[in-house]
Amino acid sequence: MINPDQVAEMLYPAATSTGKPGPIPTVVPTPTHYQLSGETGHRTLWVLFAGMTLSAGIFALLSWNVPTSKRIYHITTTLFSLVSALTYFAMASGQASSLSCHAVRDHHSHVPDTFHDECRQVYWARYVDWALTTPLILLNLCLLAGVDGAHTLMAIVADLVMVLAGLFAAYGTDGTAQKWGWFTISCLGYLFVVWHVGLQGTRMVQNKGGRVAKLWASVAIYSLAVWAAYPIIWGIATLSHKTSVDTEILIYAVLDILAKPVFGLWLLISHRAIAESNIDLGGYWSQGLSAEGRIRIGDEE
Ligand code: RET
């Protein structure tokens with residue numbers, strides 16, 4: 001609780017000690033409040049680094065006996081876990097974060113309002129992670145449903161807009177058009193991704209048969225729920241500072257486990273059991289350029 005007498009003593013010491021008005025200070029020191037990660041957050045970041053490294057290793061091992069032409073899901077899941085492991089390493093070892101500061105007004109009933117600065121640690125590594133890994137997750141969903149390249153590219157670009165606009169919003173000045181502008185752009189990008197992948201995916205997956213359609217529906221609903229949690233946590237933590245930095249790290253850790261290792265494992269195991277969900281990529285992807293133009297026996301039906 002703020003004691004008004006203490007505040008008056010701090011602001012006008014001469015007036016309160018002698019009873020006579022003293023010189024009114026023109027510059028009042030404003031203390032800065034810091035919201036930084038602590039021991040719990042630090043440990044969580046190291047655990048996630050280990051978990052993501054392990055999951056990248058498992059996904060790579062699962063591709064061992066799979067021909068290159070059928071490895072697209074293994075490669076994307078290994079890569080998104082690996083990128084996440086690297087960003088968790090950066091965060092755990094004390095890099096890839098900076099302070100986002102804004103002035104907070106303190107109301108007092110007996111003396112004029114004062115201000116203090118509030119600085120929160122924002123890990124920009126998360127945005128680097130999302131910019132590199134969410135396109136790979138979307139690519140998986142689009143491949144599973146059989147969405148065409150044009151729509152997949154549109155969804156990936158909208159996703160990048162969402163992440164970069166989110167980064168600018170996180171460091172934007174509070175209460176300005178700048179911050180809300182970037183936030184709105186990020187939300188529009190998000191809605192575009194959900195609408196695009198959801199609509200096109202649901203339409204295209206019908207051509208792949210009932211079993212793939214069922215798998216796609218459950219994976220897509222699961223992803224939709226997990227993805228929706230990210231902006232909610234962002235609003236509570238990064239935007240409104242309602243949780244500590246450690247709680248933010250813990251919540252994002254759970255979401256990242258659900259969005260990457262759990263999603264990846266589910267995709268790899270279930271697509272193995274459904275032959276129609278297999279993707280066989282020939283040509284440059286599996287044979288390289290030297291094979292281009294060569295006639296392979298069995299290619300002509
Ligand atoms: C931001 C900024 C505020 C507005 C919106 C956002 C959306 C973030 C999402 C992130 C998904 C991340 C995933 C990571 C997997 O590891 C950038 C928080 C809409 C949807 C799936």
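1. A quick definition to start: a residue counts as near the ligand if one of its heavy atoms lies within 4 Å of it. Keep in mind that this is a predicted model. On that basis, 14 residues surround the ligand, and the closest are Ser186, Trp227, Tyr230, Trp234 and Lys260.

2. Have a look at Lys260. An N or O atom in its side chain is 2.6 Å from an oxygen atom of the ligand. As for cover, the protein takes up 100% of the 540 Å² of accessible area that the ligand has on its own. The ligand sits in the largest cavity.

3. Which helices build the shell? At least two residues each come from α5 (125–145), α6 (149–171), α7 (177–204), α8 (210–239) and α9 (245–273). The biggest giver is α8, with four residues. Sorted by class, the shell has nine nonpolar, three polar and two charged residues.

4. Now the record. An unreviewed UniProt entry lists "transmembrane region" for several stretches, including residues 127–147, 153–173, 180–199, 219–237 and 249–269. I'd compare two of these with the model. Residues 180–199 are 100% helix and 0% strand, with end C-alpha atoms 28 Å apart. Residues 249–269 are likewise 100% helix and 0% strand, and their end C-alpha atoms lie 29 Å apart.

How values were computed: Residues are numbered from 1 along each chain as its sequence is written. This is a predicted model: local features need pLDDT of at least 70, side-chain atom pairs count only at pLDDT 80 or more; totals for chains, interfaces and linings use all residues. Side-chain values use heavy atoms; hydrogens and water are left out. A polar contact is a pair of N or O atoms within 3.5 Å; within protein, one must be able to donate a hydrogen and the other to accept it, and residues adjacent in sequence count only if both atoms are side-chain atoms. Accessible areas come from the Shrake-Rupley method with a 1.4 Å probe; for residues, only the protein chains shown count as cover. On a 1 Å grid over the protein atoms alone, a cavity is a set of points where a 1.4 Å probe fits but cannot get out, and a pocket is an open set with protein on both sides within 12 Å along at least five of seven lines; lining residues have an atom within 4 Å of a point. A molecule sits in a cavity or pocket if more than half of its atoms lie within 2 Å of its grid points. Ala, Val, Leu, Ile, Met, Phe, Trp, Tyr, Cys and Pro count as nonpolar, Asp, Glu, Lys and Arg as charged, and the others, Gly among them, as polar. UniProt positions are given in the numbering used here, feature names are shortened, and annotations may be inferred rather than shown by experiment.
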